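Please look over the sequence and the model together before reading on. The paragraphs below take the fold step by step.

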Amino acid sequence: MSSTKETSIRISEIFGPTIQGEGLLIGVPTVFVRTGGCDYRCSWCDTLHAVDSQYRDDWKPMSVDAIWRDVTALSGGTPLTVSLSGGNPAIQPLGALIDRGHDAGYRFALETQGSIAKAWFADLDYLVLSPKPPSSGMQTDWQAFESCLAAARKGPQIALKVVIFDDADYAYAKDAATRFPDLPIYLQPGNHTPPPPDDDDAVVDIDGVMDRMLWLVDKVSSDRWFDVRVLPQLHVLLWGNKRGV
Ligand code: SF4
């Protein structure tokens, strides 16, 4: 069990309850704990307020106790699934927070691109590994990715999620599925319109997202790729790019 003493976690925002808008847990009620900082800079990142150092002043170091007070207040003390997100939450020391929540009956899901492995991945209930395709401008280090899987061992339920904008991204997703045939894979049409971080009225190109969704459904159907799941970002359809929902 990890110690909660002096653990400081860099937090961008804590919000909810809402629903998980994508992937393995789509539709599941959740509180989000979003950490600040990321080792990637994806061209289409939709959480720049938790990535770019120009927003660093908005991030605050919080103790496990302080984070847990916020989570329990937002959930009314009723255990639910806590979504650990970012930025890249794997940068932060989250083991003690997970222990704390498990003691109270909460479950923990973490999404990361799979670039940094932590031993506490094994304590998660769900791990979504979201390697970034060519359109992101990032290069996947598959060795680091496999280290994440090794760290998780047989602890959490694990799934892959890949954002798709074009044919090159689709080919990348097929390669990922071939590399890890035992893992379920979710494909998600990309959203081209990252919001200004302080814009509550952020507009999203819903038509563009739905066109890509239809294109993606056609692709997997004509390829007879039947052990895949294609999902839109439900929260984008409901709320656009608005933060904190
Ligand atoms: S890995 Fe995720 S949080 Fe980091 S830059 Fe890419 S999309 Fe943004």
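What follows moves from the sheet to the helices, then to the nonpolar cores and the ligand.

This is a predicted model, and a good place to begin is its open sheet, in which nine strands are arranged in the order β3-β1-β2-β4-β5-β6-β7-β8-β9 with mixed pairing. Because β3 (60-63) and β9 (229-230) stand at the edges and have a single partner strand each, one side of each is left without a neighbour in the sheet. Elsewhere in the sheet, strand β4 (residues 81-85) and strand β5 (residues 107-112) run parallel and are joined by four bridges, and L84 is found opposite L110 in β5.

Turning to the helices, α3 (residues 142-152) lies across β6 (126-129) and β7 (157-164), and runs at about 175 degrees to β6. Helix α4 (residues 167-179) also packs on the sheet, where it touches β7 and β8 (185-189), and its direction makes about 160 degrees with that of β7.

The largest nonpolar core has 52 residues, among which L84, F121 and L187 touch the most other members; its largest share, six residues, comes from α3. Leaving aside residues up to four places away in sequence, F121 touches A90, L110, T112, I116, L127, C148, A151, A152 and P156. A second, separate core of eight residues includes W44, C45, V163 and F165.

C45 appears again around the ligand, together with C38, Y40, R41, C42, T47, V51, G87, Q113 and K132. By class, this shell consists of five nonpolar, three polar and two charged residues.

Methods
Residues numbered from 1 in each chain as written. Predicted model: local features only at pLDDT ≥ 70, side-chain atom pairs only at ≥ 80, totals over all residues. Heavy atoms only, no water. Near = heavy atom within 4 Å. Nonpolar A, V, L, I, M, F, W, Y, C, P; charged D, E, K, R; others polar. Pairing = 2+ DSSP bridges. Helix = DSSP H or I, 4+ residues; strand = E, 2+ residues; numbered from the N terminus. Contact = heavy atoms within 4.5 Å. Axes fitted to C-alpha atoms, helices over the stretch in contact; angles between N-to-C directions. Core = buried A, V, L, I, M, F, W, Y, C linked by side-chain atoms within 4.5 Å. Buried < 20%, exposed > 50% of the residue type's maximum accessible area, 1.4 Å probe, protein only.
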